[in-house]
Amino acid sequence: MGNAVTVAGIDCGTNSIRLKIARVDGHGMTEIVPRQLRVIRLGQDVDKTHRFADEALERAYAAAREFAGILAEHPVDGIRFVATSATRDAENREQFEDGIESILGVRPEVIPGTEEADLSFLGATSVVDRGELPAPYLVVDLGGGSTELVIGGDGETAPVTQVQAAYSMDIGSVRMTERHLRTDPPTEEEIAEAVEDIDAHIDEAFRTVPAGKARTIIGVSGTVTTMTALAIGLEEYDHTVVDGYRLPLDEAYAVDDRFLRMTREERRAYRTIHPGRIDVVGGGAVVWNRVLAKVSEAAQADHGEPIDSYVASEHGLLDGIVLDYGRRLLAA
């Protein structure tokens with residue numbers, strides 16, 4: 001095994017694209033370029049048309065050109081570009097892949113939801129304080145087009161870092177907004193339709209993932225960290241405060257409900273919310289609300305104790321991509 005490698009990971013989701021460059025060795029990873037995020041809304045109308053819109057592709061290419069500039073200044077041993085939910089669903093994905101390859105010299109890999117779940121779990125659990133948080137951990141990666149549920153071991157019959165079960169649901173902040181929450185602000189009828197849709201997906205996921213076994217929920221993604229920052233009352237988003245923050249569920253439900261029922265103009269007054277999330281954060285909030293409620297109920301039914309809080313994490317799929325790819329390069 002070599003001593004260390006420098007790798008770049010790119011996570012291209014339905015709503016945003018992220019770049020991270022880090023040095024990976026036997027002890028873990030050290031950031032060289034802090035995570036770069038651009039909101040590109042690649043999944044615009046994909047749920048309806050099953051195709052990438054031309055303007056969405058242009059936004060993706062513009063972000064890729066920015067990332068190419070950063071990579072020119074920081075040479076790496078390898079780049080892994082991972083594309084998720086929206087790209088899985090788009091009929092013209094080859095056009096997107098060709099465009100990205102011409103800019104970055106690396107072809108996007110469209111990974112299945114199960115691999116996305118595994119990498120999210122690796123990223124989220126690589127930095128938790130295992131002495132403080134009881135296992136098993138349920139990692140929830142709530143994206144624009146899909147939401148992954150991943151549960152790990154209990155530390156006795158299986159290591160806490162080992163994935164025991166995972167499931168990818170076709171529900172997310174962009175998908176729910178476009179499918180159900182079309183009025184501004186959404187009507188109670190639209191919210192009820194969204195809840196019914198989300199609950200059906202969660203019930204299906206629970207047939208594969210024994211979520212009730214969980215003792216700790218770790219939430220990763222822009223929706224989760226944004227809603228956490230709003231619940232804490234941050235006036236500007238600050239990842240150093242949000243990362244690792246433990247929020248009681250009743251506070252989460254209250255802030256989710258409030259922002260779900262706001263107009264876009266009212267949300268715009270909160271600098272904590274990235275401008276690219278203002279119109280879809282309500283869709284994410286309703287997904288997050290239902291996941292938390294149903295996992296807590298399942299935990300109560302399973303071992304007699306509901307889960308009454310969750311941990312917000314800045315570390316998810318992107319960290320998992322970098323760490324996993326770095327380790328594989330080291331092994332090779």
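# Close-ups of cores, pockets and cavities

**View 1. Tyr310 and its contacts.** Once neighbours within four places in sequence are set aside, Tyr310 is in contact with Ile217, Val224, Thr228, Tyr245, Arg246, Leu247, Leu249, Ala252, Trp288 and Leu292. Keep in mind, here and in every other view, that this is a predicted model.

**View 2. The largest nonpolar core.** Tyr310 turns up again here: among the 37 residues of this core, Leu138, Ile198, Ile217, Trp288, Val291 and Tyr310 touch the most other members. Strand 6, strand 7 (147-152), strand 8 (163-169), helix 7 (188-206), helix 8, helix 10 (249-260), helix 12 (281-303) and strand 11 each put in at least two residues. Which element gives the most to this core? That would be helix 12, with seven residues. A second core, separate from this one, has 27 residues, including Cys12, Ala63, Leu71 and Phe96. As a rule, nonpolar side chains in soluble globular proteins tend to be buried together.

**View 3. The largest pocket.** Now for some open space: the largest pocket holds about 850 Å³. Its lining runs to 44 residues, and Arg18, Arg35, Leu37, Gly222 and Arg277 lie nearest the centre. By class, the lining splits into seven nonpolar, 23 polar and 14 charged residues. Strand 2 (16-25), strand 3 (28-39), strand 6 (137-142), helix 8 (222-232) and helix 13 (317-331) each chip in at least two lining residues. Strand 3 has the largest share, at six residues. Domain 1 (4-113) and domain 2 (129-314) are each represented in the lining of the largest pocket by at least three residues.

**View 4. The second largest pocket.** This one holds about 170 Å³ of space. Of its 13 lining residues, Val128, Asp129, Leu133, Gly244 and Val311 lie nearest the centre. Strand 11 (residues 309-313) gives the most to the lining, with three residues. Sorted by class, the lining of the second largest pocket comes out as six nonpolar, three polar and four charged residues.

**View 5. The largest cavity.** How many cavities of 30 Å³ or more does the structure hold? There are two, and the largest has about 80 Å³ of space. Around the largest cavity sit Thr177, Leu181, Thr183, Asp184, Pro186, Leu260, Met262, Arg264, Arg267, Asp279, Gly282 and Gly283. Helix 11 (264-268) and helix 12 are the elements that give two or more residues to this lining. The class split of the largest cavity's lining is four nonpolar, four polar and four charged.

**View 6. The second largest cavity.** About 60 Å³ of space lies in this cavity. The residues lining the second largest cavity are Thr14, Gly43, Val46, Asp47, Ala86, Gly144, Gly145, Val174, Arg175 and Glu178. Helix 1 (46-49) and helix 6 (173-179) each supply at least two of them, and helix 6 has the largest share, with three residues. By class, the second largest cavity's lining has three nonpolar, four polar and three charged residues. Like a shared wall, the lining of the second largest cavity takes at least three residues from each of domain 1 (4-113) and domain 2 (129-314).

**View 7. Pro136 in its loop.** Look for Pro136 in the loop between helix 5 (113-125) and strand 6. Is Pro136 buried or exposed? Pro136 counts as buried because its relative accessibility is 9%, and the cut-off for buried is under 20%. Leaving out neighbours within four places in sequence, Pro136 is in contact with Ile151, Gly152, Gly153, Asp154, Lys213, Ala214, Arg215 and Thr216. Take Lys213 from that list: Pro136 and Lys213 are 77 residues apart in sequence, yet their C-alpha atoms are 6.9 Å apart in space.

**View 8. Glu116 in helix 5.** Helix 5 is home to Glu116. With a relative accessibility of 4%, Glu116 counts as buried too. Neighbours within four places in sequence aside, Glu116 is in contact with Thr84, Ser85, Arg88, Ile111, Ser146, Glu148 and Leu317.

Definitions and conventions:
Residues are numbered from 1 along each chain as its sequence is written. This is a predicted model: local features need pLDDT of at least 70, side-chain atom pairs count only at pLDDT 80 or more; totals for chains, interfaces and linings use all residues. Side-chain values use heavy atoms; hydrogens and water are left out. On a 1 Å grid over the protein atoms alone, a cavity is a set of points where a 1.4 Å probe fits but cannot get out, and a pocket is an open set with protein on both sides within 12 Å along at least five of seven lines; lining residues have an atom within 4 Å of a point. Grid points are joined across faces, edges and corners, and a volume is the space filled by probe spheres set on the points. Helices (H or I, at least four residues) and strands (E, at least two) are DSSP runs, numbered from the N terminus. Ala, Val, Leu, Ile, Met, Phe, Trp, Tyr, Cys and Pro count as nonpolar, Asp, Glu, Lys and Arg as charged, and the others, Gly among them, as polar. Domain bounds come from an automatic or database domain assignment. A nonpolar core is a set of buried Ala, Val, Leu, Ile, Met, Phe, Trp, Tyr and Cys residues joined through side-chain atoms within 4.5 Å. Buried means under 20% relative accessible area, exposed over 50%, partly exposed in between (1.4 Å probe, protein chains only). Contact means heavy atoms within 4.5 Å.
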